[in-house]
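Here is a short report on a protein–DNA model. It starts at the DNA, then turns to the aromatic rings and the chain itself.

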There are 2 protein chains.
Amino acid sequence: MTADELFRALGDPTRLEIVRRLSNRESCTISMLLSGLGISRQGARKHLQLLADANIVTLKPDGRDTIVSLNRATLAKGKAFITEIELQWDKRLEALRQYVDNDQINDL
Amino acid sequence: MTADELFRALGDPTRLEIVRRLSNRESCTISMLLSGLGISRQGARKHLQLLADANIVTLKPDGRDTIVSLNRATLAKGKAFITEIELQWDKRLEALRQYVDNDQINDL
DNA sequence: ACTTTATGCAACCAAAAAGTTGCATAAATC
DNA sequence: GATTTATGCAACTTTTTGGTTGCATAAAGT
């Protein structure tokens, strides 16, 4: 799963709300999770499937219900991606700083 | 700018490639940045505008050119959002652990 | 057995996104 | 001054997304 797929899955207010709910509740059933989102069950269910496809969420059938749980490792990947970008940025800035310093030495 | 808007802006391979390029290069002109992305200049320019609208990138006209630079603070917000979710998750798990511990005490 | 509850699947629609092409313009360069 | 280069704006098409409704089904509760 690529970083853009992960971010795309997080890039919707309904889906982000689902993720927020899962971070607060225990893993819960689909109907509990999706009630009160302001859209139809099937509409919300599509969002949930998108999260499942992006591996942000895991669905486990259990009798009549289906249990939804948050996949922490996947979220961590998104965080790691941003951290990596920031790291590259820092390295570049540091290289620039050293370059400027050398110029100052040359100016002596 | 909401978290979902930020993630949505990052949720596209072309835009993520633009961000990656900016993390490695010095701030550069639009044409330098967008060449070789595999789509038309105007197509790529639309993606760049989306990144600018999400405040991930800043555009600064300079004579004939326009200088593009990465906005570090905005990326940090995305990271912070995920961190917050993880924190909620941890707090919930800790509460659950203590609950289980109490049960064990009750069993004595 | 009958009813309710939790869920899935599929068709359909409207709006947004991704991409294209063509034309315009203003700054640099020759 | 003529040309090249960097850019913008706008119209248009195709694909994707977000949402709906209707119908089906299987497990639990009465």
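## Contacts with the DNA

An N or O atom in the side chain of Lys46(B) lies 2.2 Å from a base oxygen of DNA strand C. That is a polar contact, a pair of N or O atoms within 3.5 Å; within protein, one must be able to donate a hydrogen and the other to accept it, and residues adjacent in sequence count only if both atoms are side-chain atoms.

The model is predicted: local features need pLDDT of at least 70 and side-chain atom pairs pLDDT 80 or more, while totals for chains, interfaces and linings use all residues. Residues are numbered from 1 along each chain as its sequence is written, chains are lettered from A and ligands numbered from 1 in the order in which they are written, and side-chain values use heavy atoms, without hydrogens and water.

Other polar contacts with the two strands are listed here.

| Residue | Partner atom | Distance |
|---|---|---|
| Arg45(A) | phosphate oxygen, DNA strand C | 2.3 Å |
| Arg64(B) | sugar or linking oxygen, DNA strand C | 3.3 Å |
| His47(A) | phosphate oxygen, DNA strand D | 2.4 Å |
| Asp12(A) | phosphate oxygen, DNA strand D | 3.4 Å |
| Arg64(A) | sugar or linking oxygen, DNA strand D | 3.4 Å |

## The surface near each strand

A residue is near a strand if one of its heavy atoms lies within 4 Å of it. DNA strand C has 21 residues around it, and Ser31(A), Arg45(A), Ser40(B), Lys46(B) and His47(B) come nearest. Of the atoms of DNA strand C within 4 Å of the protein, 60% are sugar or phosphate; bases make up the rest. H4(B) supplies the largest share of this surface, 5 residues. Helices (H or I, at least four residues) and strands (E, at least two) are DSSP runs, numbered from the N terminus.

DNA strand D is surrounded by 22 residues. The closest are Ser40(A), Lys46(A), His47(A), Ser31(B) and Arg45(B). Sugar and phosphate make up 59% of the atoms of DNA strand D within 4 Å of the protein. Here H4(A) gives the most, 5 residues. The surface near DNA strand D holds 3 nonpolar, 9 polar and 10 charged residues. Ala, Val, Leu, Ile, Met, Phe, Trp, Tyr, Cys and Pro count as nonpolar, Asp, Glu, Lys and Arg as charged, and the others, Gly among them, as polar.

## Aromatic rings

Rings of Phe, Tyr and Trp (its six-membered ring) pair if their centres lie within 6.5 Å; planes under 30 degrees apart are stacked, over 60 edge-to-face, and the rest tilted. There are 3 aromatic pairs over all chains. Phe7(A) and Phe81(A) pair edge-to-face, 5.6 Å centre to centre with 75° between the planes. They are 74 residues apart, Phe7(A) in helix H1 and Phe81(A) in helix H5 of chain A. Phe7(A) also stacks with Phe7(B), at 5.9 Å and 10°. Phe7(A) lies in helix H1 of chain A and Phe7(B) in helix H1 of chain B, so this pair joins two chains. Both Phe7(A) and Phe7(B) are buried. Buried means under 20% relative accessible area, exposed over 50%, partly exposed in between (1.4 Å probe, protein chains only). Phe7(A), Phe81(A), Phe7(B) and Phe81(B) form one aromatic cluster.

## Chain A as a whole

Chain A has 5 helices and 3 strands. Their order along the sequence is α-α-β-α-α-β-β-α. The C-alpha trace spans about 80 × 25 × 25 Å along its principal axes. Of the 108 residues of chain A, 39% count as buried.
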